[in-house]
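Q: I would like to learn how to read the local features of a model like this one. Can we go through them one at a time?

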Amino acid sequence: MKIKLLFVPLVFAAVLGAQQPQLAACVRNELPALVNTYHSLHEAPELSHEEAKTSAFVATQLRSLGYTVTDHVGKYDNPAWTGYGVVAVMKNGPGPTLMVRSELDALPVTEATGLEYASRTPGVMHACGHDIHMTVLLGTAQAMATMKSDWHGTLVFIGQPAEETINGAKAMLAGGLYNLIPRPDMVIALHDSATLPAGVLATTAGYAMASATSVEVTLHGLSAHGSAPELGKDPVVAAAQLVLALQTIVSRETSPFDQAVVTVGSIQAGVKNNVIPDSAKLLLTVRTYKEEVRQRILTSIERMARGIALADGLPADQPPQVRVYESTPSTYNDPALTARLTRDFVAALGASHVETGGPIMASEDFGSFGLENHQIPICMFSLGAVDPVRIVASQKSGVPLPSLHSSRFQPLPSPTIAAGVTAMSSAILDLLGPRAQ
Ligand SMILES: [Zn+2]
Ligand SMILES: [Zn+2]
């Protein structure tokens with residue numbers, strides 16, 4: 001408890017000492033209402049593709065702050081899904097266009113935090129902290145509306161649905177996001193961290209998160225009695241060989257200087273012990289930073305599947321099928337933009353509250369907003385959300401902290417939201433400030 005009492009005033013001291021006294025006042029005034037907003041968002045999570053109430057709430061809030069809001073932005077190849085993207089624009093004279101993004105969706109997780117404001121929707125939880133992101137976005141939108149005389153340009157806030165299924169960003173872009181608004185000069189976002197203390201930020205320049213590609217491989221065999229393998233062609237054995245062969249893609253075909261992961265997460269074949277099945281299906285995830293490495297790995301998967309089918313004599317008229325069924329690009333934080341944000345955060349929150357992060361092989365669809373070949377500079381930074389008391393307890397006990405997506409993930413709202421709004425607002429005031437072209 002001691003640490004908590006010491007730590008929280010430290011965060012507020014940093015917030016109050018922000019370069020912009022008006023911003024510090026905004027954050028202080030808004031904070032109680034923002035914590036209430038966070039509680040109500042946390043209580044009412046909605047799954048990816050089902051964010052009807054969440055998107056309506058975010059749209060209404062942004063409209064009431066004076067933004068021009070378009071909702072239901074984004075289309076998707078499933079006709080049942082109408083798209084719940086929210087786009088809010090404030091034009092404020094000449095200057096760059098800056099887009100700030102929050103996700104809207106929650107996860108199919110049953111909350112086990114025991115919090116008073118725990119999810120009231122059975123089996124659904126904001127276990128990735130997107131409710132923190134939305135709250136910070138709304139707090140920042142309010143501060144920027146209040147401080148309109150301190151920035152110029154076009155400020156865009158978006159609420160993106162379906163991040164957890166890595167297709168919401170694509171859907172908004174396919175739905176004409178960059179026609180609806182001027183194409184942004186920069187895009188920024190934050191993600192809460194389940195390891196950093198509440199109120200501490202971390203920035204990572206360059207590749208920060210990997211691309212993710214989901215691959216389905218189907219090997220076709222010839223069904224037979226389990227006691228007479230010579231009468232069939234066994235796809236189970238071929239699948240086993242393929243799993244082992246795939247391990248050499250990273251270890252033998254990829255430069256040690258290029259990060260890559262190939263994981264077979266699922267093998268599905270057969271229904272009975274004494275029947276050789278007709279086919280076997282493998283589901284893979286491929287993670288890379290560079291697009292050329294990703295392409296090479298996909299080519300290798302196909303080559304190995306065909307090679308093993310040939311070696312095992314699987315039916316030549318039914319070659320293996322290799323299908324990419326979902327993908328998202330890597331998140332490449334523009335180094336210059338990241339350096340600039342880092343300076344802004346240090347100025348706003350103090351150097352002791354800003355760390356250098358590190359890249360991870362997890363994935364996000366935020367990178368899509370930078371378009372192919374990093375055409376638009378983007379940056380996503382980390383916002384610490386963990387109660388420092390819990391960090392100390394975890395270090396003492398050796399029991400890991402609940403990760404993102406855990407049913408026990410529990411951000412500490414006040415200092416997290418205060419630091420998030422301060423950081424995001426400071427970034428905007430700089431990027432759209434007097435230095436902006
Ligand atoms: Zn997540
Ligand atoms: Zn997330």
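A: We can, bearing in mind that this is a predicted model. Start with a backbone angle: just after helix H9, Gly 350 takes a positive phi of about 95°.

Q: Which residues other than glycine have a positive phi?
A: Two cases can be named. His 49 has a phi of about 75° although it is not a glycine, and this residue sits in the loop between helix H2 (21-43) and helix H3 (52-64). His 405 also has a positive phi, near 80°. The loop between helix H10 (388-397) and helix H11 (413-431) holds His 405.

Q: How many residues does H9 have, and what span does it reach?
A: The general idea is to set the end-to-end reach of a helix against the rise expected per residue. H9 runs over residues 335-349, which is 15 residues. From its first C-alpha to its last it reaches 21 Å, close to the 21 Å expected at 1.5 Å a residue.

Q: Which residues of H9 are buried, and where do they lie around the axis?
A: The buried residues of H9 are Leu 337, Thr 338, Arg 340, Leu 341, Asp 344, Phe 345, Ala 348 and Leu 349. They cover an arc of only 160° around the axis, so they are on the same side of H9. On the face turned away from that buried side, Ala 336 and Arg 343 are exposed.

Q: Moving to the metals, which atoms coordinate the zinc ion (ligand 1)?
A: Reading a site begins with its donor atoms; here water is not among the atoms, so a site may look incomplete. For the zinc ion (ligand 1), the donors are Cys 128 (SG), Glu 164 (OE), Glu 164 (OE) and His 405 (NE2), at 2.0 to 2.7 Å. Along the chain these donors follow the spacing C-x35-E-x240-H. Cys 128 is in the loop between strand S3 (97-103) and helix H4 (130-146), and Glu 164 is in the loop between strand S4 (153-160) and helix H5 (168-174), so the pair links parts of the chain that are 36 residues apart.

Q: What is the geometry of the site of the zinc ion (ligand 1)?
A: Ideal angles at a metal are 109.5 degrees for four tetrahedral donors. The four donor atoms of the zinc ion (ligand 1) make angles of 52 to 150°, and the site is irregular. Four donors count as tetrahedral only if all angles lie between 85 and 135 degrees.

Q: Which protein donors does the zinc ion (ligand 2) have?
A: They are Cys 128 (SG), His 130 (NE2) and His 191 (NE2), lying 2.1 to 2.3 Å from the zinc ion (ligand 2). Their spacing along the chain is C-x1-H-x60-H. Cys 128 and His 191 link distant parts of the chain, 63 residues apart, with His 191 in strand S5 (residues 186-197).

Q: How far apart are the two zinc ions, and which residue coordinates both?
A: The zinc ion (ligand 1) and the zinc ion (ligand 2) are 3.2 Å apart, and Cys 128 coordinates both.

Q: Are the coordinating residues Cys 128, His 191 and His 405 buried or partly exposed?
A: The reading rests on relative accessible area. Cys 128 is buried at 7%, and His 191 is buried at 11%. His 405 is partly exposed, at 39%.

Q: How many disulfides does the structure hold?
A: A search of the whole structure finds zero disulfides. A disulfide needs two cysteine sulfur atoms within 2.5 Å. The sulfur of Cys 379 is 17 Å from the closest cysteine sulfur, in Cys 128, which is too far for a bond. Cys 379 is buried, with a relative accessible area of 0%.

Q: How many aromatic pairs are there, and how is the pair of Tyr 207 and Tyr 289 arranged?
A: Aromatic pairs are read from the distance between ring centres and the angle between ring planes. The structure holds six aromatic pairs. One of them, Tyr 207 with Tyr 289, is stacked, at 5.4 Å centre to centre and 20° between the planes. Tyr 207 lies in strand S7 (residues 206-209) and Tyr 289 in the loop between strand S12 (279-288) and helix H8 (291-311), so the pair ties together parts that are 82 residues apart in sequence. Tyr 207 is partly exposed, at 25%, whereas Tyr 289 is buried, at 8%. The rings of Phe 345 and Phe 381 have centres 4.6 Å apart and planes at 55°, so that pair is tilted. Phe 345 belongs to helix H9 and Phe 381 to strand S16 (residues 378-386), so parts 36 residues apart in sequence are tied together. Phe 345 and Phe 381 are buried.

Q: Which residues form one aromatic cluster?
A: Tyr 207, Tyr 289 and Tyr 332 do.

Note on methods: Residues are numbered from 1 along each chain as its sequence is written. Chains are lettered from A and ligands numbered from 1 in the order in which they are written. This is a predicted model: local features need pLDDT of at least 70, side-chain atom pairs count only at pLDDT 80 or more; totals for chains, interfaces and linings use all residues. Side-chain values use heavy atoms; hydrogens and water are left out. Buried means under 20% relative accessible area, exposed over 50%, partly exposed in between (1.4 Å probe, protein chains only). Helices (H or I, at least four residues) and strands (E, at least two) are DSSP runs, numbered from the N terminus. The expected span of a helix is 1.5 Å times one less than its number of residues. The arc is that of the directions from the helix axis to the C-beta atoms. Donors are N, O and S atoms within 2.8 Å of the metal (3.2 Å for Na, K and Ca); water is not among the atoms, so sites may look incomplete. Four donors count as tetrahedral if all angles lie between 85 and 135 degrees; four count as square planar and six as octahedral if opposite donors are over 155 degrees apart and all others between 65 and 115; anything else is irregular. Rings of Phe, Tyr and Trp (its six-membered ring) pair if their centres lie within 6.5 Å; planes under 30 degrees apart count as stacked, over 60 as edge-to-face and the rest as tilted.
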